[in-house]
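Thank you all for coming; I would like to walk you through one structure this morning, going from a single contact to the chain as a whole. Please have the sequence and the model open in front of you.

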Amino acid sequence: MNEPIVILPEAHFKNRRKGLVVFGGLTVLLGLLGIVFVALIANAAIDANGEGSAGVRLLVPSLSIYGLISLALVWLGIGSMRMRRWSRALLLIFGWSWLVIGSVVGLGSAATLVGLVQSDPTALDQSVVEGPSLLLQFAALVTVLVVVFVLLPILWITFYGSRSVKATCSARDPEECWTDRCPLPVLAVCVWLVVAIPHLLLTPIVLPGVFPWFGTFLLGPSATSAYFLVAIFCAWAAWEFYQVRRIGWWVLILLLGVLAISHVVTYSLHDVTGFPVGSGFPTEQMTQMPQFQSMAEGFLTWTPAVVLGACLLYLIAISRFFHRPR
């Protein structure tokens with residue numbers, strides 16, 4: 001479990017009430033901006049592709065997750081302003097998740113832009129002749145990525161991870177809450193699993209079922225059943241992790257390992273033109289540019305495996321929490 005909760009007299013720590021209100025308000029603002037962003041992306045996709053098109057359906061699972069996270073941020077921000085212990089714990093998890101995932105997304109975006117420029121050197125040469133517009137745009141984008149995906153989450157981690165903030169929340173909200181019953185590194189896995197469940201359930205609903213499985217694609221009811229089964233395992237594992245039970249750790253290790261190997265094997269044998277007919281993926285658009293096809297193949301082959309591999313390493317790192325008797 002977490003370290004024992006010690007409530008200090010307010011004279012023994014710096015009261016961070018104002019900071020909790022300010023960061024809570026900023027968190028609410030982030031959530032509202034996220035809701036607006038999801039609405040704008042959905043509207044732009046519908047305008048560009050038409051309602052019900054494959055391109056729009058591909059966005060539904062991801063946008064749904066972003067929308068839920070945005071709503072959760074509004075809830076967490078209000079909790080921070082009310083100095084609730086659960087809000088501090090979850091916002092600390094959010095800050096670390098934001099930093100890790102945001103850094104990966106930011107590096108991937110920058111690498112994609114570099115790949116596109118390298119695939120069409122004339123665009124860069126033309127920009128040098130006409131002016132530094134492309135270089136300035138690239139520099140501006142990198143700056144925005146660093147600020148949004150590195151500096152801002154570090155601010156959240158630094159603030160909500162400080163002892164004075166923890167002591168302030170403990171003094172204002174002295175009773176034990178549900179986030180105190182599980183170590184924060186383990187609770188983070190519970191949160192990630194719960195967030196993944198809607199994506200797993202929505203994917204086979206909004207798209208024709210396609211599930212990669214060791215060199216082939218499960219289709220239709222078989223794929224839908226596979227997605228639902230993984231979602232059920234995630235829900236069960238989240239509960240077992242919250243109870244800090246070893247069986248949940250082992251099952252999740254095995255599940256992620258199997259999925260990682262399955263992804264690598266399947267997408268190593270199939271390029272983007274090899275998706276089954278009716279899969280819902282706009283392969284004709286993806287193969288219009290050879291360089292895009294090459295990047296798409298690399299993305300589909302290695303990104304899921306790298307992400308799942310990183311999750312496996314994290315699970316191994318927190319395995320010490322599961323050796324304690326329950």
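Let me start with the side chain of R85, which has a polar atom lying 3.4 Å from the backbone oxygen of E175. I should say at once that this is a predicted model, and that the distances I quote are computed from it. R85 belongs to helix α3, which covers residues 85-119, and with a relative accessibility of 5% it counts as buried, because the limit for that word is under 20%.

From that one contact I would like to step back to the whole chain. The secondary structure amounts to eleven helices and two strands, and if you follow the elements from the N terminus, they run α-α-α-α-α-α-α-β-β-α-α-α-α. Of the 326 residues in the chain, 39% are buried. When we take the contacts between residues at least 6 apart in sequence, we find that 79% of them join residues at least 24 apart.

The two strands deserve a moment. Strand β1, residues 210-213, and strand β2, residues 216-219, run antiparallel and are joined by four bridges. Within this pairing V210 stands opposite L219, while F211 has L218 as its bridge partner. The hairpin has two residues between the strands, and F214 takes a positive phi near 50° there.

Now to the interior. The largest nonpolar core has 56 residues, and among those with the most contacts inside it are Y160, F241, L252 and L315. Which helix gives the most to this core? It is helix α8, residues 220-242, with ten residues. To see one part of the packing, look at L315: leaving aside residues up to four places away in sequence, L315 touches V189, F241, W249, L252, I253 and L256.

That brings me to the aromatic residues. The count comes to 14 aromatic pairs, and I will show two of them, beginning with W239 and Y242. Their ring centres are 6.1 Å apart and their planes are at 35°, so this pair is tilted. Both residues are in helix α8, and because they are three residues apart there, about one helical turn separates them. Are these two residues buried or partly exposed? W239 counts as partly exposed, at 48% relative accessibility, whereas Y242, at 14%, counts as buried.

The second pair is W249 with W250, whose ring centres lie 5.0 Å apart with the planes at 85°, so the pair is edge-to-face. Here W249 counts as buried, with a relative accessibility of 6%, and W250 is partly exposed, with a relative accessible area of 43%. W249 has a further neighbour to point out, since the charged end of R246 sits over the ring of W249, 4.2 Å from its centre. You will recall that W249 is also one of the residues that L315 touches.

Finally, please find the aromatic cluster that F23, F94, W98, W156, F159 and Y160 form together. One of its members, Y160, is already familiar, as it is listed with the residues that have the most contacts inside the largest nonpolar core.

Key
Residues numbered from 1 in each chain as written. Predicted model: local features only at pLDDT ≥ 70, side-chain atom pairs only at ≥ 80, totals over all residues. Heavy atoms only, no water. Buried < 20%, exposed > 50% of the residue type's maximum accessible area, 1.4 Å probe, protein only. Polar contact = N/O pair within 3.5 Å; in protein donor to acceptor, adjacent residues only side chain to side chain. Core = buried A, V, L, I, M, F, W, Y, C linked by side-chain atoms within 4.5 Å. Contact = heavy atoms within 4.5 Å. Pairing = 2+ DSSP bridges. Phe/Tyr/Trp six-rings, centres within 6.5 Å; stacked < 30°, edge-to-face > 60°. Lys NZ or Arg CZ within 6 Å of the ring centre and 35° of its normal.
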